[in-house]
Amino acid sequence: MKKQFQKTLVYVMILSSVVSRINAQNTNDTIRVQQYVDDSIGTKEVQKNTLNYKSLIIPGAFITYGVAGLSIKNLKQLNLSTKVEINEHQPKQIQLDNYTQYAPAVMVYGLNAIGIKGKHNLRDRTIIYASSQLIAAAFTMPLKYLVKEERPDGSNTLSFPSGHAATAFSSAQFMFREYKDTNF
């Protein structure tokens, strides 16, 4: 039953992508860009981007807490008690994320198979995708053994960084790069 649901979900994702692509080809929408009109109020000066240090406060606090949580006893205890509390209400584990991490890459090959061409041919596309997965794994796997963060279910100490997240983001970036210029 679970596998049937997973297959159905993947088929629906692919079908919706194809249908939206067909609908986009059948519409003759035009986008009109308003030209800049010189007047006394407007200005053509380009503002220089500067780093807003206030925007670093929240990420800095989270990073600091994460690093401190690895070595300070009280923070470790807080993390452990939080994990125990969460595990008391943990839903049944599903395996859908084992498949959906590859969905963008599958969609690239599927879209190319039905005629929606991307930026590269099959050989180049495959080399690019394999290389990106190897690079993601080359960074993720050693870090797992270095950090040794225990999984929430306690099965092992290879929880962080997430291999599923690395694969999913790598696959999504692959899809973006393949279609950003031809079929955005």
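Here are four short exercises, with worked solutions, on a predicted model.

**Exercise 1. Which residues of α7 are buried, and where do they sit around the axis?**

Step 1: Find the helix. α7 covers residues 163-179. It has 17 residues and reaches 24 Å from its first C-alpha to its last, close to the 24 Å expected at 1.5 Å a residue.

Step 2: Pick out the buried positions. They are T167, S170, S171, F174, E178 and Y179. These residues cover an arc of only 150 degrees around the axis, so they lie on the same side of α7.

Step 3: Look for the cover. Among the elements over these buried residues are α5 (103-113) and α6 (122-147).

**Exercise 2. Is E178 buried or exposed, and which residue forms a salt bridge with E178?**

Step 1: Check the accessibility. Buried means under 20% relative accessible area; E178 has 2%, so E178 is buried.

Step 2: List the contacts. Leaving aside neighbours within four places in sequence, E178 is in contact with V108, G118, K119, H120 and R125.

Step 3: Find the partner. E178 forms a salt bridge with R125, and the closest N and O atoms are 3.7 Å apart. This pair links distant parts of the chain, with E178 in helix α7 and R125 in helix α6, 53 residues apart. R125 is buried, as E178 is.

**Exercise 3. How many salt bridges does the model have, and what does the one between D181 and K119 tie together?**

Step 1: Take the count. It comes to 3 salt bridges, including the one between E178 and R125.

Step 2: Turn to D181 and K119. Their side chains meet in a salt bridge of 3.3 Å, N to O. D181 lies in the segment after α7 and K119 in the loop between α5 and α6, so the pair ties together parts 62 residues apart in sequence.

Step 3: Compare the accessibility classes. D181 is exposed at 53%, whereas K119 is partly exposed at 44%.

Step 4: Add R123 and D124, whose side chains also meet in a salt bridge of 3.3 Å, N to O. R123 counts as exposed because its relative accessibility is 56%; D124, at 26%, counts as partly exposed.

**Exercise 4. Which residues does S162 touch, not counting residues up to four places away in sequence?**

Step 1: Locate S162. This residue is in the loop between α6 and α7, and is partly exposed, with a relative accessible area of 33%.

Step 2: Read off the contacts. S162 touches T140 and K144.

Step 3: Check the distance to K144. S162 and K144 are 18 residues apart in sequence and 8.2 Å apart in space, C-alpha to C-alpha.

Definitions and conventions:
Residues numbered from 1 in each chain as written. Predicted model: local features only at pLDDT ≥ 70, side-chain atom pairs only at ≥ 80, totals over all residues. Heavy atoms only, no water. Helix = DSSP H or I, 4+ residues; strand = E, 2+ residues; numbered from the N terminus. Buried < 20%, exposed > 50% of the residue type's maximum accessible area, 1.4 Å probe, protein only. Contact = heavy atoms within 4.5 Å. Expected span 1.5 Å × (residues − 1). Arc of directions from axis to C-beta. Salt bridge = Lys/Arg side-chain N within 4 Å of Asp/Glu carboxyl O.
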